[in-house]
There are 2 protein chains.
Amino acid sequence: MRPLDLRLVAIVDPGRAGGRDLVDLARHVAEGGATLVQLRDKRGETRAMVALARAIKSALAPLSVPFVVNDRVDVALAAGADGVHIGPDDMAVADARRLIGPDAVIGLSIKTVEAAAAAPLELIDYAGIGGVYATTSKEQASAPIGPEGLARIVDVLHGRAPDLPLCGIAGIDADNAAAVIGAGADGVAVISALSLAPDPAAAARRLREVVDAILAKRGS
Amino acid sequence: MRPLDLRLVAIVDPGRAGGRDLVDLARHVAEGGATLVQLRDKRGETRAMVALARAIKSALAPLSVPFVVNDRVDVALAAGADGVHIGPDDMAVADARRLIGPDAVIGLSIKTVEAAAAAPLELIDYAGIGGVYATTSKEQASAPIGPEGLARIVDVLHGRAPDLPLCGIAGIDADNAAAVIGAGADGVAVISALSLAPDPAAAARRLREVVDAILAKRGS
């Protein structure tokens with residue numbers, strides 16, 4: 001499998017979508033340049049969540065943008081999603097890998113250098129590192145790590161798995177995305193900067209311009 | 001597979017356990033005569049839920065009492081539970097069967113005659129019918145159906161699947177369990193009458209006496 005393209009990870013969350021239809025939102029950000037879409041729904045009922053995940057998967061399929069479900073391996077499997085994103089309160093990665101199979105995408109949230117040193121990197125396809133900046137999209141139990149903290153975690157992960165795709169997460173927008181890529185991430189994971197933007201597709205295009213420009217500089 | 005023994009289904013729920021340890025509670029009610037234990041946890045984080053389900057499964061295994069998880073196919077699979085119990089807001093039965101495999105137990109909540117006529121009985125191992133009586137264990141969206149309503153649903157299910165094990169659920173205790181069995185159920189599903197009893201094992205023994213006595217009369 002080609003390494004996952006993490007340049008712009010769009011997280012869609014019914015609690016952070018400003019009343020927008022999540023399927024439309026997912027389609028628009030993908031059309032604007034999101035390279036991976038994640039559904040995060042911590043409060044929905046399972047039946048509705050499966051229906052929503054299925055609809056998002058169908059909307060993204062023609063755009064060839066992969067789709068993962070936060071936490072819920074059952075929903076990912078039922079909806080035919082491409083994988084799951086696992087946080088510290090979710091199922092252990094080894095359990096998730098056993099249930100979802102060897103070919104599905106598993107992403108893992110990593111918040112500390114210690115977690116980076118201990119994470120089962122051989123079982124995952126990407127890591128989301130943060131929270132980089134302060135955010136209102138999620139209760140933050142710990143202080144933002146900033147680009148400096150991000151760089152330290154990137155170093156540990158690159159030491160263990162040089163090719164593992166990494167993105168920064170939390171409070172990232174077009175103004176600070178460059179610093180996240182500058183700190184060594186391969187992309188940014190974004191919620192509000194897309195979901196609550198007046199034009200989510202345009203916001204995705206703008207974020208991709210920023211990210212792609214810094215990646216091009218890094219590559220050259 | 002032998003038909004499931006539904007004489008006393010104990011539902012353990014962290015929100016309805018009076019602060020009791022759920023593993024101890026599951027063990028005690030099984031020692032007292034519960035024939036199936038269900039974990040219902042609508043608010044926990046996935047990681048904690050898997051750990052709890054695994055601990056309950058281990059506690060019940062020496063007693064040969066099967067164990068199902070409400071709603072969460074992912075938790076059931078990760079914890080090695082015997083199956084799942086599916087309600088109207090949970091994953092569709094066909095999806096659950098596909099994910100959990102042909103040998104796992106699937107129970108289905110049935111609340112109306114219409115649902116009884118339409119349910120995919122060929123995919124399930126038992127049905128829980130109700131709410132029979134008023135209960136404080138769960139928000140009830142509709143009025144209790146009473147033993148008469150239960151009998152009507154039992155008739156429809158028996159017409160379609162004569163051997164499908166059936167239990168009544170909601171507000172059932174040692175005082176009204178006889179009426180539930182009298183209406184045609186093979187057993188009772190109970191939360192508070194066990195979980196909040198001073199001695200859950202003794203409460204389970206008493207409920208089994210009531211249920212077994214009426215079943216013996218029906219059988220003779």
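These legends go with three close-up views of a predicted model. In this model, local features need pLDDT of at least 70 and side-chain atom pairs count only at pLDDT 80 or more, while totals for chains, interfaces and linings use all residues. Residues are numbered from 1 along each chain as its sequence is written, chains are lettered from A in the order in which they are written, and side-chain values use heavy atoms, leaving out hydrogens and water.

**View 1. Helices α1 and α9 of chain B pack against each other.** Take α1(B), residues 22-32, and α9(B), residues 200-219: their axes lie 7 Å apart at an angle of about 35°. (Helices are DSSP runs of H or I, at least four residues; axes are lines fitted to C-alpha atoms over the stretch in contact, with angles from 0 to 180 degrees between N-to-C directions.) Where do they touch? On the α1(B) side, B:Leu25, B:His28, B:Val29 and B:Gly32 meet B:Pro200, B:Ala201, B:Ala204 and B:Arg205 of α9(B), contact being heavy atoms within 4.5 Å.

**View 2. Cys167 is buried in chain A and in chain B.** A:Cys167 has 2% relative accessibility, and B:Cys167 has a relative accessible area of 2%. Buried means under 20%, exposed over 50%, and partly exposed in between, using a 1.4 Å probe and protein chains only.

**View 3. Chain B fits onto chain A by a turn of 180°.** The shift along the axis is 0.0 Å and the RMSD is 0.0 Å, with copies superposed by least squares on C-alpha atoms of residues with pLDDT of at least 70 in both. That's the relation of a two-fold axis. In chain B, the C-alpha nearest the axis belongs to B:Asp74, 2.4 Å from it.

Conventions. Helix = DSSP H or I, 4+ residues; strand = E, 2+ residues; numbered from the N terminus.
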